[in-house]
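Subject: Handover of a structure and its findings

Dear colleague,

Please find below the structure that I am handing over to you. A summary of the findings follows it.

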Amino acid sequence: MILDRLVLKNFRTYGELDISFGEGLNLILGDNAVGKTNLAEAIQYISLARSWRSSSDRVLIKAGADMALIQAYLKEGALRRSIEIEIAKEGKRVKINGKPVNRLSELSKSANVIVFAPSDVPLFAGAPSERRAFLDVSISKQSPDYFSLMSKYARLLKSRNAALKQAHPDVALLRTYSDQMSELTIPIIRYRTMFVSSLNRVLPSVYGQLSGQQSRCEVVYRPFLKGADISPEKAKKAFEEALESDLMHRATGVGVHREDISLMLNGENIANYGSQGENRTAVIAVKLSPYFLIEDESKKPIAVLDDINSELDSGRVGRLMGLLEKLGQVFVTATKLDIAGASVIDVAEHSATRRI
């Protein structure tokens, strides 16, 4: 998958931008605070219509403007595809090849982008919600069915939590929600189990290439239903056993929305025992590993890495660049970086120009 051209209007600090990119490694270079990350963010946005930097779309609209526009032109083998996203204060509109899109899950099939940013460094030491988000986004890009399952589960969870907050909760209604959530729970757990298993087939190799060391590295998935004999009935029992606690705390305390993953390096939880360098390297390895799970070369994702110089020492940067040069299209933002054969985009005062 190749992003051939990107057009921005009133996106963040960019008033107007029309720029083309190289098919391999693209270096987005410039001083701090001139708009490098804004450009990387726009590239990432075409995959999910959601920013990794902010939960609010309004901040994406240039000050003084009513709306922002992103137009992306992509190649996937012999296929050509356009994506247009209009971001307004009242909402956003998405078109693929000029046709309106109602389900955002269609975007990730049209533009798959994987991202590493400095905010990802504490992934395994931070809140479980961030790790679940990584799982959900990664799996949703591979399976629209999973996206649909999680959307239905999220709606039921919201309704159940709202019912729990009533002055006199309707227990029969709560059990109805629990039963419906239980039916969705089993396929969600199976999708997550399969994804983590696939991830662990490639993760040790990716981590080894980045660290320069042979290490045992694996992601451990911790489902809320234990054992191999998972079933809707087992999920219903778990919800029922937690009902009294849920009524007391006025929130749903068990379910796939409370699951977690951890990363084990040489048998130890990296969040507790890993050095800063090991944590940074491991998170980059985990974020890049989904690239290697896609066999069709034309469908492999675009990779975006933001501000890597601030997170890695020179040795790790060198090994990372060696790995990235083996991938398809990659975008790296940095203040200074010199890689032979890379396309270079110079960013200055919120304008961007392709040098090579």
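The residues that line the second largest pocket divide into 4 nonpolar, 4 polar and 4 charged. Please bear in mind throughout that this is a predicted model. The volume of this second largest pocket is about 240 Å³. Its lining is made up of Met1, Glu76, Ser108, Lys109, Asn112, Lys141, Gln142, Ser143, Pro144, Leu293, Ile294 and Lys299. Two elements, H2 and H3, each give two or more residues to this lining.

The largest pocket has a volume of about 1200 Å³. A total of 43 residues line the largest pocket, and those nearest its centre are Leu48, Arg50, Ala133, Phe134 and Val137. By character, the lining of the largest pocket comprises 21 nonpolar, 13 polar and 9 charged residues.

Which elements each supply at least two residues of the lining of the largest pocket? They are helix H1 (36–48), helix H2 (105–110), strand E8 (113–116), helix H3 (128–142) and helix H4 (144–164). Of these, H3 gives the most, with 11 residues. H2 and H3 thus appear in the account of the largest pocket and also in that of the second largest pocket.

I turn next to the start of the chain. Strand E1, residues 2–11, pairs with strand E2, residues 14–20, in the antiparallel sense, and 6 bridges join them. One bridge links Lys9 to its partner Glu16 in E2. The hairpin formed by E1 and E2 has 2 residues between the strands, and Arg12 in this hairpin takes a positive phi near 55°.

Finally, some remarks on the chain as a whole. It contains 10 helices and 15 strands. Along the principal axes, its C-alpha atoms fill a box of roughly 65 × 50 × 35 Å. For a compact globule of 356 residues, the radius of gyration would be near 21 Å; the value for the chain is 22 Å, which agrees. Of the 356 residues, 53% count as buried. Among contacts between residues at least 6 apart in sequence, 71% join residues that are at least 24 apart.

When you view the model, you may wish to begin with H3, given that it gives the most residues to the lining of the largest pocket, and then turn to the hairpin of E1 and E2.

With kind regards

Definitions and conventions. Residues are numbered from 1 along each chain as its sequence is written. This is a predicted model: local features need pLDDT of at least 70, side-chain atom pairs count only at pLDDT 80 or more; totals for chains, interfaces and linings use all residues. Side-chain values use heavy atoms; hydrogens and water are left out. On a 1 Å grid over the protein atoms alone, a cavity is a set of points where a 1.4 Å probe fits but cannot get out, and a pocket is an open set with protein on both sides within 12 Å along at least five of seven lines; lining residues have an atom within 4 Å of a point. Grid points are joined across faces, edges and corners, and a volume is the space filled by probe spheres set on the points. Helices (H or I, at least four residues) and strands (E, at least two) are DSSP runs, numbered from the N terminus. Ala, Val, Leu, Ile, Met, Phe, Trp, Tyr, Cys and Pro count as nonpolar, Asp, Glu, Lys and Arg as charged, and the others, Gly among them, as polar. Two strands pair if DSSP finds at least two bridges between them. The radius of gyration is taken over C-alpha atoms; the globule rule is 2.2 Å times the number of residues to the power 0.38. Buried means under 20% relative accessible area, exposed over 50%, partly exposed in between (1.4 Å probe, protein chains only). Contact means heavy atoms within 4.5 Å.
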